[in-house]
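User: I would like to go through this structure by question and answer, with the reasoning shown.

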Amino acid sequence: MGHAHTAASSVFAGLPLVVAPGVVSTLMMPSELVLPEGWSEDDTLDFERPPAFTLHVFDGERLVSHTRVVL
């Protein structure tokens, strides 16, 4: 299994895939990266962003995922 440090959604093997965000750090996307001098591509985790979570709700027929930032 594992974790990804960022919220994402996709389809894998014909099934919906939802990845919950990080609660401590966020993986920055390439378009968000403006690395300060002296940083490397290994420094792509942002510890300053607020934590977030995904709540999955199953009503017996449908699964709905809600992602929220904790402020």
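Analyst: A residue counts as buried under 20% relative accessible area, as exposed over 50%, and as partly exposed in between. The model is predicted. By those cut-offs proline 51, at 30% relative accessibility, is partly exposed.

User: What elements does the protein chain run through from the N terminus on?
Analyst: The secondary structure comes to 0 helices and 6 strands. From the N terminus on, the order of the elements is therefore β-β-β-β-β-β.

User: What percentage of the 71 residues of the protein chain count as buried?
Analyst: The protein chain exposes about 6,000 Å², and carbon and sulfur atoms supply 61% of that area. To count as buried, a residue must be under 20% relative accessible area. Of the 71 residues, the share that meets this is 14%.

User: Where is proline 51, and how many Å separate proline 51 and arginine 68 in space, C-alpha to C-alpha?
Analyst: Proline 51 sits in the loop between strand S4 (45-46) and S5. Leaving out residues up to four places away in sequence, proline 51 touches Gly22, Val23, Arg68, Val69 and Val70. Arginine 68 is 17 residues from proline 51 in sequence, and their C-alpha to C-alpha distance is 8.8 Å.

User: Is serine 25 buried or exposed?
Analyst: Serine 25 lies in the loop between S2 and strand S3 (26-27). Beyond neighbours up to four places away in sequence, serine 25 touches His5, Leu45, Asp46 and Phe47. Its relative accessible area is 2%, so serine 25 is buried.

User: Which residues does threonine 26 touch, not counting residues up to four places away in sequence?
Analyst: Threonine 26 belongs to strand S3. With a relative accessible area of 17%, threonine 26 is buried. Once residues up to four places away in sequence are set aside, threonine 26 touches His5, Thr44, Leu45, Asp46 and Arg49.

User: Which elements give two or more residues to the lining of the largest pocket?
Analyst: About 150 Å³ of space lies in the largest pocket. Its lining has 14 residues, of which Thr6, Ala7, Pro21, Thr26 and Ala52 lie nearest the centre. The elements that give two or more residues to this lining are S3 and strand S6 (63-69).

User: How many Å apart in space are threonine 6 and leucine 45, C-alpha to C-alpha?
Analyst: Threonine 6 is in the segment before S1, and its relative accessible area of 18% makes threonine 6 buried. Leaving aside neighbours within four places in sequence, threonine 6 is in contact with Val19, Ala20, Pro21, Gly22 and Leu27. Threonine 6 and leucine 45 are 39 residues apart in sequence, and C-alpha to C-alpha they are 9.8 Å apart.

User: Among contacts between residues at least 6 apart in sequence, what percentage join residues at least 24 apart?
Analyst: A contact means heavy atoms within 4.5 Å. Taking the contacts in the protein chain between residues at least 6 apart, the share that joins residues at least 24 apart is 18%.

User: Which side chains meet in a salt bridge?
Analyst: Side chains of opposite charge can pair when their charged atoms come close. The structure holds 1 salt bridge, with an N to O distance of 3.3 Å. One partner is exposed, at a relative accessible area of 55%, and the other is partly exposed, at 46%. In that order, the side chains are those of arginine 62 and aspartate 59.

User: Which strand gives the largest share of the nonpolar patch?
Analyst: Phe53, Leu55, Val57, Val64 and Val70 make a nonpolar surface patch of about 380 Å². Phenylalanine 53 is partly exposed, with 39% relative accessibility, and its place is in strand S5. The largest share of the patch is 3 residues, and these come from strand S5 (residues 52-58).

User: Which residue has a positive phi although it is not a glycine?
Analyst: The residue lies in the loop between strand S1 (8-12) and strand S2 (15-19). Its relative accessibility is 69%, so it counts as exposed. The phi is about 55 degrees, and the residue is alanine 13.

Conventions: Residues numbered from 1 in each chain as written. Predicted model: local features only at pLDDT ≥ 70, side-chain atom pairs only at ≥ 80, totals over all residues. Heavy atoms only, no water. Helix = DSSP H or I, 4+ residues; strand = E, 2+ residues; numbered from the N terminus. Buried < 20%, exposed > 50% of the residue type's maximum accessible area, 1.4 Å probe, protein only. Salt bridge = Lys/Arg side-chain N within 4 Å of Asp/Glu carboxyl O. Patch = residues over 30% accessible without salt bridge, like charges linked within 9 Å, V, L, I, M, F, W, Y side chains within 5 Å. Areas by Shrake-Rupley, 256 points an atom, 1.4 Å probe, with all protein chains shown as cover. 1 Å grid on protein atoms, 1.4 Å probe; cavity = no way out; pocket = protein on both sides within 12 Å on 5 of 7 lines; lining within 4 Å. Points joined across faces, edges and corners; volume = space filled by probe spheres on them.
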